[in-house]
Amino acid sequence: MGVFLGLGIAGIVLLVASLVLDGVLEGVFDGVGGLLDGWLSLPVIAGFVSMLGFTGAIVLGTTGLGAGPATAVGAVAGAGAGWLTWRVSRALMNDGGTGAPRGDDLVGTTGTVVTAIPGEGYGEVLLRVAGQPVKFAARSAGPVGRGAEVWVEQALSPSAVLVRPVER
């Protein structure tokens, strides 16, 4: 029982160490030719070892089976935990997000004027970028008053846009 609990605790300690040190432990083993990449990454090993230990301890303590069957059941549970850890980490690493919004993504969006736009200068508009309100410097062909709804015609720079009032 003590060996199984020791394995379970060792797996948890290894998992915490791999998360806290964030890749430092993998860097120690770089000379092994990428041995710890993918299936043999430290989180996968930690998941396997801890599940093997804790499941083995549970089977040994709750049934009349010996250490051999407890190890077999623990190994199966550990393999499942390792596989699940590998799948989740792979899904997180390959998120495939859309990336940061670019200026062209602003064209066609509507916003509200927060600082009046004079005919020959800049004011400020509030636009929604990736669901978040962001203030941009704004120019317009003519003056636009505070509170007016505007439409973005062009991104002049990463922080400035050309707008026109929305006519309803």
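# Exercises on a predicted protein model

**Exercise 1. Check whether the length of helix α4 agrees with its number of residues.**

Solution. Start with the count: helix α4 covers residues 67–93, which is 27 residues. Next, the rule: the expected span is 1.5 Å times one less than the number of residues. That gives 39 Å, and the C-alpha atoms at the two ends lie 37 Å apart, which agrees.

Before you go on, two notes on the model. It is predicted, so local features need pLDDT of at least 70 and side-chain atom pairs count only at pLDDT 80 or more, while totals for chains, interfaces and linings use all residues. Residues are numbered from 1 along each chain as its sequence is written, and side-chain values use heavy atoms, with hydrogens and water left out.

**Exercise 2. List the helices and strands in order along the sequence.**

Solution. Helices (H or I, at least four residues) and strands (E, at least two) are DSSP runs, numbered from the N terminus. The protein has four helices and five strands. Along the sequence they follow α-α-α-α-β-β-β-β-β.

**Exercise 3. Find which residues of α4 are buried, and what they pack against.**

Solution. First, the term: buried means under 20% relative accessible area, exposed over 50%, and partly exposed in between (1.4 Å probe, protein chains only). In α4, the buried residues are Ala70, Gly74, Gly78, Ala81, Gly82 and Trp86. Now recall that an α-helix has 3.6 residues a turn, so residues three or four places apart point the same way. Finally, the partners: these buried residues pack against α1 (2–21) and α3 (42–62).

**Exercise 4. Compare Ser50 and Phe54: is each buried or partly exposed?**

Solution. Ser50 is found in helix α3, and Phe54 is found there too. Ser50 has a relative accessible area of 12%, so it is buried. Phe54 has 31%, so it is partly exposed. Now look at the surroundings of Ser50. Contact means heavy atoms within 4.5 Å. Leaving aside neighbours within four places in sequence, Ser50 is in contact with Leu7, Gly8, Gly11 and Ile12.

**Exercise 5. Sort the side chains of strand β2 by face.**

Solution. In a regular strand the side chains alternate between the two faces of the sheet. Strand β2 (residues 123–129) shows this alternation. Gly123, Val125, Leu127 and Val129 point to one face and are buried. Glu124, Leu126 and Arg128 point to the other face and are not buried.

**Exercise 6. Trace the strand pairings, starting from β1.**

Solution. Two strands pair if DSSP finds at least two bridges between them.

- Step 1: β1 (residues 110–115) and β2 run antiparallel, joined by four bridges; Thr112 stands opposite Leu126 in β2.
- Step 2: β2 and β3 (residues 132–140) are antiparallel as well, over seven bridges. Gly123 has Ala138 in β3 as its bridge partner, and Val129 stands opposite Gln132.
- Step 3: β2 and β3 form a hairpin with two residues between them, and Ala130 in the turn has a positive phi of about 55 degrees.
- Step 4: β3 and β5 (residues 160–165) run parallel, joined by four bridges. Here the bridge partner of Arg139 is Leu162 in β5.

**Exercise 7. Work out what share of the residues is buried.**

Solution. The protein has 168 residues, and buried residues make up 25% of them. For contacts between residues at least 6 apart in sequence, 50% join residues at least 24 apart.
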